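Here's a quick tour for anyone opening this one up for the first time. Have a look at the picture, then read on for the spots worth finding.

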Amino acid sequence: MLWRVLAHRKLYDLLIILGLALAVAALLGFPQEAVGAAIDGLSLSANVIIPSLFPFFVLSTLMVQLGLTRYFGRALEPVMRPMFRVSGVAASAFVLGFVGGYPVGAKTAVALYESDQISKVEAERLLAFSNNSGPAFILGVVGVGIFASSRVGLMLYAAHAVASVLVGVLFRGWGIRQQSVAPKQKKTDSPIQTVRFSQGFVNSVTGAFQATLSICGFVIFFTVFIRLLFLAGAIPAAAEGLGTLFASLGFDAEWASTLLIGLIELSSGVWSLRDVAGQVPSAIAMAAFMLGWAGLSVHCQVLSFIGGSGLSVRSYILGNFLHGGLSAALIFLLVRLVPLDTTVAATLAEGVYSIAGTDFYTSLRLSSLAATGLLLVGILFTLFSTRKWELER
């Protein structure tokens, strides 16, 4: 038995060494291309990632540390508990995930668990369906930027949202035999334990900055990684093999290449769909699957938050895979029920088109306004709820 363990360990170490050697060889063989890919990753991080995510990271951490999520929990417990079998405070992660995009929802879920506001089982259930794409990316980048259609963006966002809810319902029984579903927090009518605003604000800003830098690092790494895989011929060779294997299903090498890229990195995957965007509904369904799956790059970002928390990643990975499959299935249904030539409101279409050409200042303005609006809503909701409960007592 010991020999088998050692042999397995040696094989694992050998594969790691081989992978590192191939990475070094690729960097030495294509230095200019690697630098160019890194510059592209830096540009994406500076113009989109940082201005889009930083305000929401600050907001989500601040809401948890100031105890605002507890007020949401009291009011939304009758909805979240029957539907998803999680505490009402989990609604904050669900909402922030849909508005802020990857990986705001997952980070909020981990923060709720680490602050003892939800149990381990609830956190793992929440991770399965709270890490979603934001509306700006789906409506602007994918809908308008890739398919040149606001209607496609709206259909993708609708399928993405419905699939997320379905995943949450399907995972409501996750871990029910291993642990009680009762939240770790105190009763919702007990005094709310919070930190001072000054301390919470400092912790939120510093934590958000570190989290944003971590995400930018993953974005740059996977941008270079995909470029080197293409230059080395790994992705084309794998795509050719998959295309041959599934040729009878109409899955050629071009589709296989697009799918492989999307499995690794979401942004690059959806961008590769521009060459097949006219093949409806297959291209839209592929985009829906990529948005639900999110890609290895986003998964690594989430794992950086989960690591050390003691939470299992199984529910998260399974939930995202199921999310992608359900989103693609819903798109096939929507395309048949709502033809793409159906007219939509002109003002709505114009609003979607305005998202497409985002730069740093546009992304920062949109995300800051959205985060500020959510914070104000949260404060007003807190004041109203507090007054209501005081009158009831």
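Phe 94 and Phe 98 sit four residues apart in helix α4 (residues 91-100), so about one helical turn separates them. Residues three or four places apart in an α-helix point the same way, because there are 3.6 residues to a turn. Keep in mind that this is a predicted model.

**Aromatic rings**

- The ring centres of Phe 94 and Phe 98 are 5.2 Å apart and the planes meet at 85°, so this pair counts as edge-to-face.
- Are these two rings buried or exposed? Phe 94 is buried, because its relative accessibility is 14% and the cut-off for buried is under 20%. Phe 98 is buried too, at 11%.
- The two belong to a cluster held together by ring pairs, along with Phe 84, Phe 129 and Tyr 157.
- Searching the whole structure turns up eleven aromatic pairs.

**The overall picture**

- The protein is built with 17 helices and zero strands.
- It has 393 residues, and 45% of them are buried.
- Take the contacts between residues at least 6 apart in sequence: 81% of them join residues at least 24 apart.
- About 19200 Å² of the protein is exposed, with carbon and sulfur atoms supplying 69% of that.

**Two helices to trace**

- Helix α8 (residues 150-170) has 21 residues and reaches 30 Å from its first C-alpha to its last, close to the 30 Å expected at 1.5 Å a residue.
- Buried residues of α8 include Val 152, Met 155, Leu 156, Ala 159, His 160, Ala 163 and Val 167.
- Helix α9 (residues 197-231) has 35 residues and reaches 51 Å between its first and last C-alpha, close to the 51 Å expected.
- Just past the end of α9, look for Gly 233, which takes a positive phi of about 85°.

**Salt bridges**

- How many salt bridges are there? The count comes to two.
- Side chains of opposite charge can pair when their charged atoms come close.
- In one bridge, the side chains of Asp 40 and Arg 227 meet at 2.8 Å, N to O. This pair links distant parts of the chain, with Asp 40 in helix α2 (residues 31-65) and Arg 227 in helix α9, 187 residues apart.
- Asp 40 is partly exposed, with a relative accessible area of 40%, and Arg 227 is partly exposed as well, at 31%.
- Arg 81 forms a salt bridge with Glu 122, and their closest N and O atoms are 2.9 Å apart. Arg 81 lies in helix α3 (residues 68-84) and Glu 122 in helix α6, so the bridge ties together parts that are 41 residues apart in sequence.
- Both Arg 81 and Glu 122 are buried.

**Loops with an odd backbone angle**

- Most residues other than glycine have a negative phi.
- Asp 116 has a positive phi, near 65°, and is not a glycine. You'll find Asp 116 in the loop between α5 (104-114) and α6 (120-129), where it is partly exposed at 38% relative accessibility.
- Ala 294 also has a positive phi, near 85°. It lies in the loop between α13 (282-293) and α14 (296-306).
- Is Ala 294 buried or exposed? Ala 294 is buried, with a relative accessible area of 0%.

**A buried valine and its neighbours**

- Val 104 is found in helix α5 and is buried, with a relative accessible area of 0%.
- Which residues does Val 104 touch, leaving aside those up to four places away in sequence? They are Leu 53, Phe 56, Phe 57, Leu 96 and Asn 131.
- Val 104 and Ser 130 are 26 residues apart in sequence, and their C-alpha atoms are 8.7 Å apart in space.

**A nonpolar patch on the surface**

- Leu 11, Leu 14, Leu 15, Leu 18 and Leu 22 form a nonpolar patch on the surface, with about 510 Å² of accessible area together.
- One of them, Leu 18, is found in helix α1 (residues 2-29). Leu 18 counts as partly exposed, because its relative accessibility is 48%.

Definitions and conventions:
Residues numbered from 1 in each chain as written. Predicted model: local features only at pLDDT ≥ 70, side-chain atom pairs only at ≥ 80, totals over all residues. Heavy atoms only, no water. Patch = residues over 30% accessible without salt bridge, like charges linked within 9 Å, V, L, I, M, F, W, Y side chains within 5 Å. Areas by Shrake-Rupley, 256 points an atom, 1.4 Å probe, with all protein chains shown as cover. Salt bridge = Lys/Arg side-chain N within 4 Å of Asp/Glu carboxyl O. Helix = DSSP H or I, 4+ residues; strand = E, 2+ residues; numbered from the N terminus. Buried < 20%, exposed > 50% of the residue type's maximum accessible area, 1.4 Å probe, protein only. Expected span 1.5 Å × (residues − 1). Contact = heavy atoms within 4.5 Å. Phe/Tyr/Trp six-rings, centres within 6.5 Å; stacked < 30°, edge-to-face > 60°.
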